[in-house]
Amino acid sequence: MNQDDYFFCGIGGSGMLPLAMIVQARGGRIEGSDRSRDQGRTPEKFAWLEAHGVALHPQDGSGVVRADQIVVATGAIEDTVPDIGAATRAGARIVTRPELLSQLFNAAPVSIGVAGTSGKSTITGMIAWILHRAGREPTVMNGAVMKNFADADHPFASALIGGPELFVSEVDESDGSIARYAPTVAVVSNISLDHKSMEELRDLFGGFTGRAARAVLNLDNVETQALAQLLPPDKVITFALGEERATLNAHDLEPLPTGIRFTVTESGGESRLLELHVPGAHNAANALAAIGAVRAIGVPLEQAVAALETFAGIRRRMEVVGTASGVTVIDDFAHNPDKIAATLKTLHAFDGRLLILFQPHGFGPLRLMKDEFIDGFAGLLREDDVLLMPEPVYYGGTTDRSVGSEDIAAGVRAAGRFAEALPTREACGDRLVELARRGDRIIVMGARDDTLSVFAAELLGRLGAEAG
């Protein structure tokens with residue numbers, strides 16, 4: 001990549017910041033803007049970007065003034081966004097984030113694309129850690145912070161800067177951009193209703209695996225199992241929990257308070273005991289997916305398992321914030337029915353009431369998946385568990401707001417479980433502090449809002465203060 005000038009519109013976003021860092025490492029000059037910065041949210045993130053040579057501007061178009069700037073937009077290019085309007089006027093080239101990422105990805109001689117409804121960030125982080133430990137110097141693009149690579153100098157370690165030969169990336173189907181990627185190895189963790197119809201999803205994932213040299217697919221999911229049957233057997237590596245037909249199997253799963261222990265068996269090969277330090281059967285499946293991906297490019301099973309023993313996890317994936325007054329606060333990214341189910345099942349493996357704050361990440365998903373949200377919570381909440389919901393994240397615009405949090409809470413109450421919708425997150429926080437008692441676990445759930453982690457930390461502080 002040459003010394004081009006790039007302007008990232010929304011540079012603080014979970015998908016934009018790591019991409020900007022990769023582009024910068026390859027010689028690009030980086031500028032950007034972000035509405036969150038203009039509104040005073042997460043100032044430490046923007047201070048870090050400036051300290052790392054990124055020039056920041058208000059999101060009012062004032063930073064885009066030259067035809068030689070390449071303006072990177074999140075997805076939909078709308079002239080109503082001031083920076084995009086300014087780019088059009090200046091004659092600057094506009095590319096979407098998926099266009100730019102897929103260009104970098106497809107240019108690498110070896111590439112691993114990680115797709116699926118759930119588990120993408122964790123699997124990508126696991127692959128990154130295995131390949132890093134194996135000395136393969138991968139460049140990695142993740143949508144979440146990988147704790148193994150996070151330190152004082154790299155607090156937002158959602159990218160790993162490696163060489164140009166090997167590129168690993170989380171790949172998104174929700175905007176259809178998965179169609180741009182031609183991976184050496186395609187990983188699909190699972191497929192379920194999230195943003196698109198099942199027909200669209202089958203087409204997108206089918207194309208993705210069809211373009212790959214090898215596909216790593218989950219036999220425990222009906223949709224990914226069907227994908228595996230469409231491909232030549234020598235092209236497919238399968239994984240499953242206790243399914244003998246799979247290339248990679250996990251047996252004898254033993255839940256631990258902060259992890260899970262199981263035996264990994266490779267068909268026609270060896271077995272290895274693996275103790276993961278991230279909990280839940282879904283993480284055992286994620287580990288198998290990661291092992292399948294690295295086996296496809298020649299990393300030995302023993303080396304992969306040894307690396308995963310020291311995998312520290314992904315930020316906001318059932319991350320324990322701390323314990324105060326006997327109450328544990330957990331910060332979690334779960335935002336669709338599948339992810340919520342995985343979290344609740346994992347937490348219910350151990351005793352203790354769950355007090356759940358679920359902040360929906362938009363009115364659209366609530367409307368699309370209203371029944372699935374209600375059925376999921378109603379089926380997985382225990383009698384003494386509590387669900388609290390503020391209204392969805394809403395930053396303005398012309399969204400259909402016909403289904404809100406009260407619609408979900410009412411459905412869960414009708415099924416005999418305890419659920420309340422409150423007007424604000426602050427009101428939910430007050431209620432959580434009021435309800436919490438020794439032995440409870442508070443889970444702060446939601447996506448696309450960096451301030452949820454701040455909220456979780458403040459809750460912990462309040463619980464400690466209440467005890468004092």
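How much space lies in the second largest pocket? About 230 Å³. Keep in mind as you look around that this is a predicted model.

**Stop 1: the pocket**

Select M21, Q24, A25, W48, H52, F149, H154, F156, A157, A159, L160 and I161, and you have the lining of the second largest pocket on screen. Now colour that selection by element. Two elements, α1 and β8 (159-160), each give two or more residues to this lining. The largest share belongs to α1, with 3 residues. Switch to colouring by residue class, and the lining shows 9 nonpolar and 3 polar residues, with no charged ones.

**Stop 2: from the pocket along α1**

Stay with α1, and bring in a partner helix. Select residues 16-25 for α1 and residues 97-107 for α5. The two axes come within 11 Å and cross at roughly 45 degrees. Angles from 35 to 65 degrees fall among those counted as oblique, so α1 and α5 are oblique to each other. Turn the view until one helix lies in front of the other: α1 passes α5 in a left-handed crossing.

Next, show side chains where the helices touch. On the α1 side, pick M16, L19, I22 and V23; they meet R97, L100, L101 and L104 of α5. By class, this contact has 7 nonpolar residues, no polar ones and 1 charged.

**Stop 3: α6 against α9**

Hide the earlier selections and choose residues 120-133, helix α6, together with residues 281-295, helix α9. Here the axes are 9 Å apart and the packing angle is about 50 degrees. This pair, α6 and α9, is therefore oblique as well. Which hand does the crossing of α6 and α9 have, left or right? It is right-handed.

To see the contact, display T122, I123, M126, I127, I130 and L131 from α6. Facing them in α9 are N283, N286, A287, A289, A290, A293 and V294. Colour by class once more: the contact of α6 with α9 divides into 10 nonpolar and 3 polar residues, and no charged residue takes part.

Notes: Residues are numbered from 1 along each chain as its sequence is written. This is a predicted model: local features need pLDDT of at least 70, side-chain atom pairs count only at pLDDT 80 or more; totals for chains, interfaces and linings use all residues. Side-chain values use heavy atoms; hydrogens and water are left out. Axes are lines fitted to C-alpha atoms, for helices over the stretch in contact, and angles run from 0 to 180 degrees between N-to-C directions. Helices (H or I, at least four residues) and strands (E, at least two) are DSSP runs, numbered from the N terminus. Angles under 35 degrees count as roughly parallel, over 145 as roughly antiparallel, 65 to 115 as roughly perpendicular and the rest as oblique. A crossing is left-handed if the near helix is turned anticlockwise from the far one by less than a right angle, and right-handed if clockwise. Contact means heavy atoms within 4.5 Å. Ala, Val, Leu, Ile, Met, Phe, Trp, Tyr, Cys and Pro count as nonpolar, Asp, Glu, Lys and Arg as charged, and the others, Gly among them, as polar. On a 1 Å grid over the protein atoms alone, a cavity is a set of points where a 1.4 Å probe fits but cannot get out, and a pocket is an open set with protein on both sides within 12 Å along at least five of seven lines; lining residues have an atom within 4 Å of a point. Grid points are joined across faces, edges and corners, and a volume is the space filled by probe spheres set on the points.
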